[in-house]
Amino acid sequence: MKQHRIVVLGAGYAGAFVAGTLARRLSPKDVEITVVNAEPEFVQRLRLHQYAAGQEIEAPRLSEVFAGTGIGLRLARVTAVDPERQVVAVADADGGDEFGYDTLVYALGSHGDTHGVPGAAEHAFDVSARPSAQRLRERLADLDAGGRVVVVGDGLTGIETATEVAESRPGLSVALVARGELGARLSTGARGHLRRACERLGITVWEHTEVESVEAGRVVCADGTVLASDATIWTAGFAVGPLAAASGLDVTGDGRIVVDRTMRSVSHPNVYAVGDSALAIGDNGRPLPMSCASAGYTGRQAVNAIVARLTGCSIVNTKLEYIANHLSLGRRDAILQMVDGEGQAKPKYTGGGKAARIKAGIVWMSLWATSHPTFALPRRKHRVTVTPVASSTEATVA
């Protein structure tokens with residue numbers, strides 16, 4: 001019997017999880033799983049702000065991560081997807097190539113979004129990918145005491161980056177630019193904790209301030225304020241690449257793939273999208289935010305759906321929820337803010353060293369699970385028999 005070809009694009013938190021879980025739940029006699037990733041190492045995106053600040057973080061080689069799992073690894077950049085022909089085009093140092101799939105899992109994630117602000121792409125750094133974090137790391141290492149760092153964006157990434165740089169490089173002057181009130185999505189108590197942390201670390205906060213442009217050596221704000229900057233770090237939003245839209249998949253205005261409750265593309269049933277690449281509607285009726293937690297939820301749902309459809313079983317729906325914001329404030333302080341079903345902050349929060357240990361544990365578990373993609377759970381023994389039906393792929397148990 002011909003093996004069913006599953007191709008996973010991207011080996012971030014979502015892609016690596018999906019590939020590993022599929023490998024342990026489906027027999028290698030029946031399926032062939034291939035992961036395509038541009039970089040040879042797993043990137044701990046949750047810790048790139050630490051890396052940029054000068055700390056060392058683990059970067060397991062994917063060849064070692066997938067060794068012995070039966071998962072094939074192709075180190076290449078995805079250049080095109082043709083869902084009509086069911087092929088993926090890639091490019092590497094040896095040139096271009098394309099290969100086919102029966103089921104595609106799209107997990108190419110997101111990147112920093114400058115929102116078209118003049119000069120941001122040319123003059124600002126970001127921590128959305130390892131190469132850009134590396135450039136920032138080198139820049140910060142070159143700054144002498146008194147060097148000026150401006151972090152634009154007061155979301156979770158911006159706050160974590162500002163506090164990490166301030167703690168790791170105390171000789172630098174760090175400013176954080178917020179469009180609204182600092183920590184607006186946090187509870188009253190958590191906002192107070194955040195302000196005290198910024199004061200303790202010597203971070204200057206500019207609230208209700210919008211950046212108009214970024215220039216070499218300074219940040220120009222809409223109200224006329226000019227902030228001198230030796231290193232500007234842009235954290236004001238994320239976006240997905242144009243590949244999915246160019247492929248003809250049904251996408252949203254911001255390029256995310258539109259999926260059903262099982263993470264299956266609404267336009268091409270052989271394609272699943274997980275993580276930041278997907279517009280997944282949570283159980284509360286709102287889109288899940290781009291986050292590592294959402295990568296886990298959408299990844300589990302996609303795996304359940306793919307396995308069920310390939311083995312003729314009923315699809316088990318996993319929870320699609322967002323329950324908390326975990327915000328590190330350097331290595332010894334953090335905020336754990338629980339949220340309600342509408343995504344609004346609950347009154348109570350956990351802060352300080354306890355929250356820091358919880359956040360560190362979550363990050364460690366995310367790395368461990370990715371580094372051990374087929375851990376613990378028994379392999380499913382169903383035999384897969386694939387029968388193409390129209391443009392989709394259905395399966396029954398033989």
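How many bridges join β13 to strand β14? To find out, select residues 211-215, which form β13, together with residues 218-221, which form β14; four bridges join these two strands, and they run antiparallel. Before going further, please keep in mind that this is a predicted model.

**First stop: the sheet around β14**

With these two strands still selected, pick out Val214, whose bridge partner in β14 is Val219. Now add residues 226-228, which form β15, and you have an open sheet of three strands in the order β13-β14-β15, with antiparallel pairing. Because β13 and β15 stand at the edges and each has a single partner strand, one side of each is left without a neighbour in the sheet. If you look from one strand to the next, the twist averages 15°. As general background, strands of a sheet pair through backbone hydrogen bonds, and they do so either parallel or antiparallel.

**Second stop: an aromatic pair**

Next, select Tyr13 and Phe42 and show their side chains, for a search of the whole structure finds one aromatic pair. The ring centres of Tyr13 and Phe42 are 5.2 Å apart and their planes stand at 85°, so the pair is edge-to-face. The pair links distant parts of the chain, since Tyr13 belongs to helix α1 (residues 13-25) while Phe42 lies in the loop between β2 (31-37) and α2 (48-52), 29 residues apart. Are these two residues buried or exposed? Tyr13 is buried, with a relative accessible area of 14%, and Phe42 is also buried, with a relative accessible area of 1%.

**Third stop: the ring of Tyr51**

Now select Tyr51 together with Arg130 and Arg137, and turn the view until you look at the ring of Tyr51. The charged end of Arg130 sits over this ring, 4.4 Å from its centre, and the charged end of Arg137 likewise sits over the ring of Tyr51, 4.4 Å from its centre.

**Fourth stop: Arg61**

Move on to Arg61, which you will find in the loop between α2 and α3 (62-65). At 38% relative accessibility, Arg61 counts as partly exposed. If you add Glu39 to the selection, you can see two residues that are 22 residues apart along the chain, with their C-alpha atoms separated by 9.1 Å.

**Fifth stop: the sheet around β22**

Select residues 324-328 for β21 and 345-351 for β23, and then add residues 334-339 for β22. These three strands form an open sheet in the order β21-β22-β23, and the pairing is antiparallel. Here β21 and β23 stand at the edges, each with a single partner strand, so one side of each is left without a neighbour in the sheet. Neighbouring strands of this sheet are turned by 20° against each other on average, direction ignored. Between β21 and β22 there are five bridges, and you can pick out Ser328, which stands opposite Ala334 in β22.

**Last stop: helix α10**

Finally, select residues 353-371, which make up helix α10, a helix of 19 residues that reaches 27 Å from its first C-alpha to its last, close to the 27 Å expected at 1.5 Å a residue. Colour its buried residues, which are Ala355, Ala356, Lys359, Val363, Ser366, Leu367 and Thr370, and then look down the axis of α10: these buried residues fall within an arc of 110°, so they line one face of the helix. An α-helix has 3.6 residues a turn, so residues three or four places apart point the same way. Turn to the face of α10 that points away from its buried side, and you will find the exposed residues Lys354 and Arg357.

How values were computed:
Residues are numbered from 1 along each chain as its sequence is written. This is a predicted model: local features need pLDDT of at least 70, side-chain atom pairs count only at pLDDT 80 or more; totals for chains, interfaces and linings use all residues. Side-chain values use heavy atoms; hydrogens and water are left out. Two strands pair if DSSP finds at least two bridges between them. Axes are lines fitted to C-alpha atoms, for helices over the stretch in contact, and angles run from 0 to 180 degrees between N-to-C directions. Rings of Phe, Tyr and Trp (its six-membered ring) pair if their centres lie within 6.5 Å; planes under 30 degrees apart count as stacked, over 60 as edge-to-face and the rest as tilted. Buried means under 20% relative accessible area, exposed over 50%, partly exposed in between (1.4 Å probe, protein chains only). A charge sits over a ring if NZ of Lys or CZ of Arg is within 6 Å of the ring centre and within 35 degrees of the ring normal. The expected span of a helix is 1.5 Å times one less than its number of residues. The arc is that of the directions from the helix axis to the C-beta atoms.
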